[in-house]
Amino acid sequence: MHDQYYMQQAYQEALKAFDKGEIPVGAVIVSQERMIAKAHNQTEQLLDVTAHAEILAITAASNYLGAKYLNNCTLYVTLEPCVMCAGAIAWSQLGRIVFGAYDAKRGFSRLENKETKVLHPRTILVGGVLENQCSELLQRFFQKLRN
């Protein structure tokens, strides 16, 4: 139940990105059942290819906590993180990641196997929470771009 609630909060962030013409990805970070950071993609607005929702949320959470490690936090993000974001997630040692839609083309899990761990070894990963809702928003966005 908590996962769906917080993923819905991340989805609200994704809607903000959609409205701004950004790829609609949203993220929130939760610590001790309290939302401490939220963000959405801002790569177009900031002219910064690294301004992904996950990166912005990690920075906000680290600033809030005054710490670089987020091992007692959960990241909720509407799309499976890319390799760049997975690196930041690993370095920040997030305790748990919950994502909505899978990303077969750019998602980090396509590179992960038994020999190569992309995330921190203690990070718990849960995928597919509100997957249909998150996928549908992305599909609407890219369909809108093509028209």
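Tutor: Relative accessible area sorts residues into three groups: buried means under 20%, exposed means over 50%, and partly exposed is what lies in between. Keep in mind that we are looking at a predicted model.

Student: Then what makes Arg 140 partly exposed?

Tutor: Arg 140 has a relative accessible area of 36%. That value lies between the 20% and 50% limits, so the label is partly exposed.

Student: How do you know that Arg 140 and Glu 136 meet in a salt bridge?

Tutor: The N to O distance between the two side chains is 3.0 Å. The cut-off is 4 Å between a side-chain nitrogen of Lys or Arg and a carboxyl oxygen of Asp or Glu, so the pair qualifies. Glu 136, at 35%, is partly exposed too.

Student: Where do Glu 136 and Arg 140 sit relative to one another along the helix?

Tutor: Both belong to helix H5 (residues 131-146), and because they are four residues apart, about one helical turn separates them.

Student: How many salt bridges does a search of the whole structure find?

Tutor: The search finds three. Another of them joins Lys 16 and Glu 13, with 2.9 Å from N to O, so it is within the 4 Å limit. These two residues are three apart in helix H1, again about one helical turn.

Student: Are Glu 13 and Lys 16 buried or partly exposed?

Tutor: One of each. Glu 13 has 5% relative accessibility, which is under 20%, so Glu 13 is buried. Lys 16 has 37%, so Lys 16 is partly exposed.

Student: And what makes Arg 96 and Asp 3 a salt bridge?

Tutor: Their closest N and O atoms are 2.7 Å apart, so this pair also meets the 4 Å criterion. Arg 96 belongs to strand E4 (residues 96-101) and Asp 3 to helix H1 (residues 2-19), so the contact ties together parts 93 residues apart in sequence.

Student: Why do Arg 96 and Asp 3 get opposite sides of the 20% line?

Tutor: Arg 96 comes out at 21%, hence partly exposed, while Asp 3 comes out at 18%, hence buried. The cut-off of 20% falls between the two values.

Student: Let's turn to the rings. How many aromatic pairs are there?

Tutor: The search of the whole structure gives five. One of them is Tyr 5 with Tyr 6, with ring centres 5.1 Å apart and 75 degrees between the planes.

Student: Why is the pair of Tyr 5 and Tyr 6 called edge-to-face?

Tutor: Rings pair when their centres lie within 6.5 Å, and planes over 60 degrees apart count as edge-to-face. With 5.1 Å and 75 degrees, Tyr 5 and Tyr 6 pass on both counts, so the name fits. Ring pairs also link these two with Tyr 76 into a cluster. Tyr 5 is partly exposed at 47%, whereas Tyr 6 is buried at 7%.

Student: What makes Phe 18 and Phe 141 a pair of that kind?

Tutor: Their ring centres are 6.1 Å apart and the planes stand at 65 degrees, so this pair is edge-to-face. Phe 18 lies in helix H1 and Phe 141 in helix H5, so parts 123 residues apart in sequence are tied together. Phe 18, at 12%, is buried, and so is Phe 141, at 5%.

Student: Which charged end sits over the ring of Phe 18?

Tutor: That of Arg 140, at 5.1 Å from the ring centre. The distance limit for this contact is 6 Å, and 5.1 Å falls within that limit.

Student: What makes the phi of Leu 47 worth a remark?

Tutor: Most residues other than glycine have a negative phi. Leu 47 is not a glycine, yet its phi is positive, near 50 degrees. Leu 47 is in the loop between helix H2 (43-46) and helix H3 (53-65). At 76%, over the 50% limit, Leu 47 is exposed.

Student: Where is Gln 93, and what is its phi?

Tutor: Gln 93 is in the loop between helix H4 (83-92) and E4. Its phi is also positive, about 55 degrees.

Conventions:
Residues are numbered from 1 along each chain as its sequence is written. This is a predicted model: local features need pLDDT of at least 70, side-chain atom pairs count only at pLDDT 80 or more; totals for chains, interfaces and linings use all residues. Side-chain values use heavy atoms; hydrogens and water are left out. Buried means under 20% relative accessible area, exposed over 50%, partly exposed in between (1.4 Å probe, protein chains only). Rings of Phe, Tyr and Trp (its six-membered ring) pair if their centres lie within 6.5 Å; planes under 30 degrees apart count as stacked, over 60 as edge-to-face and the rest as tilted. A charge sits over a ring if NZ of Lys or CZ of Arg is within 6 Å of the ring centre and within 35 degrees of the ring normal.
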